[in-house]
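Hi,

Here is the structure I said I would pass on. Have a look at it first, and then read on for my notes.

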Amino acid sequence: MEESTARNVTLRSIGIAGAAMFSFFFVLTYATPTWVEEYASDYIEGEAIERVDNSIDAIQVPESDNALARLAQSFYEKNEAQIEAHREQLRENVHKSMAAALAEIRDLDCECRAKTEEWLKEGFETDIRFLQATNELIAEFIQFKYVTVTQELKRDIRIFTASNALAFVLLLLISFVKPRAMVHLFLPGLLLASSTLVCSYFYVFEQNWLLTIIHSDYLGFAYLGWLGFIFLLFCDVVMNHARITTEIINAFLNAIGSALSVVPC
């Protein structure tokens, strides 16, 4: 009886702690919007600079069959060295403007911030090819990239924290709905707890790695796949008497030489 009580308390404590932690950070992105920028300032700045450089590298003559495009292509081929030199000059000018432009956009009272955020709401897409005339336009381009990265990261953090909070809430709810499945629920519970511990480690010691996982499409989808696997285990417990989960647990117990086994709930 004591063992059963301890198991119940442990599993439900995992559910409560995980749901509380991820819910807290989800709410924080709304209650304190500047938290994301303050926590991820180095990451956002690095990502914005990389996008600006990529935009410069991507400058090409438009492809088309019309006479003007063919003339432009011919000009590009004949003057490629000069154009590359101009590209490097543009990159140098951009990097000279970088520090001041980023310092300005990080000021919450700066008018440039409201203007750039309004551009994003309207779906505006700026292009480095049109921003070569003045330093002011170059600064606006840098700020646009910074705000774009910030908004994307904030959205991805909300998805990440909400998904994890939901998973822990489901663990907690199922522990009450299916009290006979407490042993089986330890598998998804431990998987959730381990991923949370890893995220917590990255949060404290490796911030950029955690932000890369959240913000990167490839790694982000991989993590959602991990949560999807845990969700399937929940479905197995609720709708299939934990038959698949039982097989996984027993296979693990056999692999470590244990004489213990579990049965479907």
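To get your bearings, try this one: in which helix is the place of lysine 145? Lysine 145 sits in helix H7, which covers residues 135-177. Before I go further, please keep in mind that this is a predicted model.

Now the overall picture. The chain has 11 helices and zero strands, so if you read along the sequence, the pattern is α-α-α-α-α-α-α-α-α-α-α. Of the 265 residues in the chain, 40% are buried. Among contacts with a separation of 6 or more, 76% are between residues 24 or more positions apart.

**Where H7 meets H3**

Back to lysine 145 for a moment. Is lysine 145 buried or exposed? Buried: its relative accessible area is 14%, and the cut-off for buried is under 20%. Leaving aside residues up to four places away in sequence, lysine 145 touches Ala48, Arg51, Val52 and Ser55. The C-alpha atoms of lysine 145 and arginine 51 are 7.0 Å apart, although 94 residues separate the two along the chain.

One of those contacts, valine 52, belongs to helix H3, residues 41-57. Valine 52 is buried too, at 0% relative accessibility. Its C-alpha atom lies 9.9 Å from that of glutamine 143, which is 91 residues away along the chain.

**The salt bridge**

How many salt bridges does a search of the whole structure find? Just one. It joins the side chains of arginine 155 and aspartate 156, with 3.0 Å from N to O. The two partners are worth looking at one by one. Arginine 155 is partly exposed, at 46% relative accessible area, whereas aspartate 156 counts as buried, at 12% relative accessibility.

**Tyrosine 223 in H10**

Next, go to helix H10, residues 217-239, where you will find tyrosine 223. With a relative accessibility of 12%, tyrosine 223 counts as buried. What does tyrosine 223 touch, once residues up to four places away in sequence are not counted? The list is Phe160, Asn164, Ser195 and Cys199. For phenylalanine 160, which is 63 residues from tyrosine 223 along the chain, the separation between the two C-alpha atoms is 8.9 Å.

**The loop between H10 and H11**

Here is something to check in the backbone. Most residues other than glycine have a negative phi. Histidine 241 has a positive one, about 55°, and is not a glycine. Alanine 242 also has a positive phi, near 60°, and again is a residue other than glycine. Histidine 241 lies in the loop between H10 and H11, and alanine 242 lies in the loop between H10 and H11 as well. Their surroundings are another matter: histidine 241 is partly exposed, with a relative accessible area of 36%, while alanine 242 is buried at 0%.

**Threonine 246 in H11**

Past that loop, threonine 246 is found in helix H11. Threonine 246 counts as buried, with 3% relative accessibility. Which side chain does threonine 246 join through a polar contact of 3.4 Å? That partner is histidine 184. Not counting residues up to four places away in sequence, threonine 246 touches His184, Val262, Val263 and Pro264.

**The largest pocket**

Last stop: the largest pocket, which holds about 350 Å³ of space. Fifteen residues line this pocket, and the closest to its centre are Val183, Phe186, Ile249, Leu253 and Val262. Two elements give two or more residues to the lining: helix H8 (182-205) and helix H11 (243-255). Which of the elements gives the largest share of the lining? H8 does, with five residues. Sorted by class, the lining has 11 nonpolar residues, two polar and two charged.

If you only have a few minutes, I would open three places in the viewer. Start with lysine 145 and its contacts, including Arg51 and Val52. Then look at the positive phi of histidine 241 and that of alanine 242. Finish at the largest pocket, with Val183 and Phe186 among the residues closest to its centre.

Cheers

Methods:
Residues numbered from 1 in each chain as written. Predicted model: local features only at pLDDT ≥ 70, side-chain atom pairs only at ≥ 80, totals over all residues. Heavy atoms only, no water. 1 Å grid on protein atoms, 1.4 Å probe; cavity = no way out; pocket = protein on both sides within 12 Å on 5 of 7 lines; lining within 4 Å. Points joined across faces, edges and corners; volume = space filled by probe spheres on them. Helix = DSSP H or I, 4+ residues; strand = E, 2+ residues; numbered from the N terminus. Nonpolar A, V, L, I, M, F, W, Y, C, P; charged D, E, K, R; others polar. Salt bridge = Lys/Arg side-chain N within 4 Å of Asp/Glu carboxyl O. Buried < 20%, exposed > 50% of the residue type's maximum accessible area, 1.4 Å probe, protein only. Polar contact = N/O pair within 3.5 Å; in protein donor to acceptor, adjacent residues only side chain to side chain. Contact = heavy atoms within 4.5 Å.
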